Amino acid sequence: MDTVAEFLTRIRNAGLAKHEKVDVPSSNMRVGIASILQKNGYIRSFKIARDGKQGMMRVYLRYNPKGDPIIRKIVRESTPGLRKYLAAKAIPNVRDGDGVAVLSTSKGIMTGEEAKEQKLGGELLFRIW
(Lines give C-alpha, C1' and ligand atoms only; values in the text may rest on other atoms or scores of the structure.)
Protein backbone atom coordinates (compact mmCIF):
# COMPACT_ATOMS: atom_id res chain seq x y z
CA MET A 1 0.00 0.00 0.00
CA ASP A 2 1.28 3.45 -0.91
CA THR A 3 0.84 5.50 2.28
CA VAL A 4 2.15 8.72 0.73
CA ALA A 5 -0.32 8.55 -2.17
CA GLU A 6 -3.16 7.74 0.22
CA PHE A 7 -2.23 10.73 2.43
CA LEU A 8 -2.07 13.11 -0.55
CA THR A 9 -5.36 11.78 -1.93
CA ARG A 10 -7.12 12.37 1.38
CA ILE A 11 -5.84 15.96 1.48
CA ARG A 12 -6.82 16.55 -2.17
CA ASN A 13 -10.32 15.10 -1.71
CA ALA A 14 -10.95 17.02 1.52
CA GLY A 15 -9.97 20.24 -0.23
CA LEU A 16 -12.27 19.57 -3.18
CA ALA A 17 -15.11 18.79 -0.72
CA LYS A 18 -14.31 22.07 1.12
CA HIS A 19 -13.69 20.36 4.47
CA GLU A 20 -11.97 22.39 7.17
CA LYS A 21 -9.86 19.44 8.31
CA VAL A 22 -9.03 15.84 7.51
CA ASP A 23 -7.92 13.02 9.84
CA VAL A 24 -5.30 10.51 8.73
CA PRO A 25 -3.26 7.86 10.54
CA SER A 26 0.03 9.30 11.72
CA SER A 27 3.53 8.22 10.66
CA ASN A 28 6.94 9.88 10.58
CA MET A 29 6.77 10.19 6.78
CA ARG A 30 3.35 11.88 6.93
CA VAL A 31 4.49 14.25 9.69
CA GLY A 32 7.49 15.24 7.56
CA ILE A 33 5.29 15.86 4.53
CA ALA A 34 2.74 17.84 6.59
CA SER A 35 5.48 20.05 8.03
CA ILE A 36 6.75 20.81 4.49
CA LEU A 37 3.19 21.62 3.35
CA GLN A 38 2.65 23.89 6.37
CA LYS A 39 5.99 25.67 5.92
CA ASN A 40 5.18 26.38 2.27
CA GLY A 41 1.64 27.59 2.99
CA TYR A 42 -0.39 24.73 1.51
CA ILE A 43 -2.05 23.79 4.82
CA ARG A 44 -2.80 25.90 7.91
CA SER A 45 -1.53 23.45 10.51
CA PHE A 46 -1.60 19.88 11.75
CA LYS A 47 -1.88 18.16 15.13
CA ILE A 48 -0.91 14.68 16.23
CA ALA A 49 -3.09 12.81 18.72
CA ARG A 50 -1.30 9.91 20.41
CA ASP A 51 -3.54 7.00 21.30
CA GLY A 52 -1.00 4.41 22.42
CA LYS A 53 -1.04 2.81 18.96
CA GLN A 54 -0.27 4.50 15.67
CA GLY A 55 -1.90 7.83 16.50
CA MET A 56 -3.97 10.14 14.33
CA MET A 57 -2.95 13.33 12.58
CA ARG A 58 -5.48 16.10 11.97
CA VAL A 59 -4.59 18.34 9.02
CA TYR A 60 -6.26 21.78 8.77
CA LEU A 61 -6.61 22.90 5.16
CA ARG A 62 -6.18 26.40 3.69
CA TYR A 63 -8.46 28.17 1.24
CA ASN A 64 -8.17 31.44 -0.68
CA PRO A 65 -10.65 34.29 -0.07
CA LYS A 66 -12.96 32.93 -2.82
CA GLY A 67 -13.17 29.61 -0.94
CA ASP A 68 -11.06 27.60 -3.39
CA PRO A 69 -8.40 25.26 -1.99
CA ILE A 70 -4.82 26.57 -1.99
CA ILE A 71 -3.65 23.18 -3.30
CA ARG A 72 -4.47 23.22 -7.01
CA LYS A 73 -2.69 20.04 -8.05
CA ILE A 74 -0.64 17.22 -6.51
CA VAL A 75 1.33 14.91 -8.79
CA ARG A 76 2.75 11.72 -7.25
CA GLU A 77 6.12 11.02 -8.90
CA SER A 78 7.72 8.01 -7.20
CA THR A 79 5.53 4.97 -6.61
CA PRO A 80 6.22 1.65 -4.88
CA GLY A 81 6.38 -0.03 -8.29
CA LEU A 82 8.65 2.56 -9.87
CA ARG A 83 10.86 4.61 -7.58
CA LYS A 84 12.21 7.86 -9.01
CA TYR A 85 15.59 8.92 -7.62
CA LEU A 86 17.29 12.16 -8.63
CA ALA A 87 20.69 13.72 -8.17
CA ALA A 88 20.78 17.23 -6.72
CA LYS A 89 21.40 18.77 -10.16
CA ALA A 90 18.38 16.97 -11.67
CA ILE A 91 15.78 18.20 -9.15
CA PRO A 92 13.00 19.91 -11.15
CA ASN A 93 11.88 23.50 -10.78
CA VAL A 94 8.09 23.17 -10.34
CA ARG A 95 6.01 25.65 -12.39
CA ASP A 96 8.80 28.26 -12.45
CA GLY A 97 8.92 28.45 -8.66
CA ASP A 98 5.13 28.54 -8.16
CA GLY A 99 5.14 24.96 -6.86
CA VAL A 100 7.26 22.71 -4.68
CA ALA A 101 8.97 19.38 -5.28
CA VAL A 102 9.16 17.20 -2.15
CA LEU A 103 11.97 14.68 -1.75
CA SER A 104 12.93 12.01 0.72
CA THR A 105 16.68 12.37 1.29
CA SER A 106 19.22 10.86 3.65
CA LYS A 107 18.67 13.94 5.87
CA GLY A 108 14.87 13.55 5.94
CA ILE A 109 11.92 14.95 3.99
CA MET A 110 12.67 18.31 2.35
CA THR A 111 11.76 20.53 -0.57
CA GLY A 112 13.66 20.43 -3.83
CA GLU A 113 15.16 23.86 -3.12
CA GLU A 114 16.47 22.76 0.30
CA ALA A 115 17.94 19.60 -1.25
CA LYS A 116 19.67 21.65 -3.98
CA GLU A 117 21.17 24.00 -1.37
CA GLN A 118 22.55 21.05 0.61
CA LYS A 119 23.60 19.27 -2.61
CA LEU A 120 21.51 16.21 -1.73
CA GLY A 121 19.70 13.92 -4.10
CA GLY A 122 16.92 11.56 -3.14
CA GLU A 123 13.58 10.05 -3.99
CA LEU A 124 11.20 12.52 -5.65
CA LEU A 125 7.95 11.87 -3.76
CA PHE A 126 5.61 14.40 -5.37
CA ARG A 127 5.17 17.86 -6.87
CA ILE A 128 2.54 20.28 -5.60
CA TRP A 129 1.23 23.65 -6.72
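**Reading helices α1 and α2**

Author: Welcome! Just after helix α2, Gly41 takes a positive phi of about 85°. Keep in mind that this is a predicted model.

Reader: Thanks! What span should α2 have, and how far apart are its end C-alpha atoms?

Author: The general idea is to allow 1.5 Å a residue. Helix α2 covers residues 28–39, so its 12 residues should span 16 Å. Its end C-alpha atoms are 16 Å apart, in agreement with that.

Reader: Which residues of α2 are buried?

Author: Buried means under 20% relative accessible area. In α2 that applies to Arg30, Gly32, Ile33, Ala34, Ile36 and Leu37.

Reader: At what angle do α1 and α2 pack?

Author: Helix α1, residues 3–16, packs against α2 at about 45°, and their axes are 10 Å apart. The two helices are therefore oblique to each other. The crossing of α1 past α2 is right-handed.

Reader: Which residues make the contact?

Author: From α1 come Thr3, Val4, Glu6, Phe7, Leu8 and Ile11. Helix α2 adds Met29, Arg30, Ile33, Ala34 and Leu37. By type, the residues of this contact are 8 nonpolar, 1 polar and 2 charged.

Reader: Now to Gly15, which lies in α1. Is Gly15 buried or exposed?

Author: Look at the relative accessible area: for Gly15 the value is 5%, so this residue is buried.

Reader: Which residues is Gly15 in contact with, leaving aside its neighbours within four places in sequence?

Author: Those are Leu61, Tyr63 and Pro69. As for Gly108, Gly15 is 93 residues from it in sequence and 26 Å from it in space, C-alpha to C-alpha.

How values were computed:
Residues numbered from 1 in each chain as written. Predicted model: local features only at pLDDT ≥ 70, side-chain atom pairs only at ≥ 80, totals over all residues. Heavy atoms only, no water. Helix = DSSP H or I, 4+ residues; strand = E, 2+ residues; numbered from the N terminus. Expected span 1.5 Å × (residues − 1). Buried < 20%, exposed > 50% of the residue type's maximum accessible area, 1.4 Å probe, protein only. Axes fitted to C-alpha atoms, helices over the stretch in contact; angles between N-to-C directions. Parallel < 35°, antiparallel > 145°, perpendicular 65-115°, else oblique. Left-handed = near helix turned anticlockwise from the far one by under 90°. Contact = heavy atoms within 4.5 Å. Nonpolar A, V, L, I, M, F, W, Y, C, P; charged D, E, K, R; others polar.
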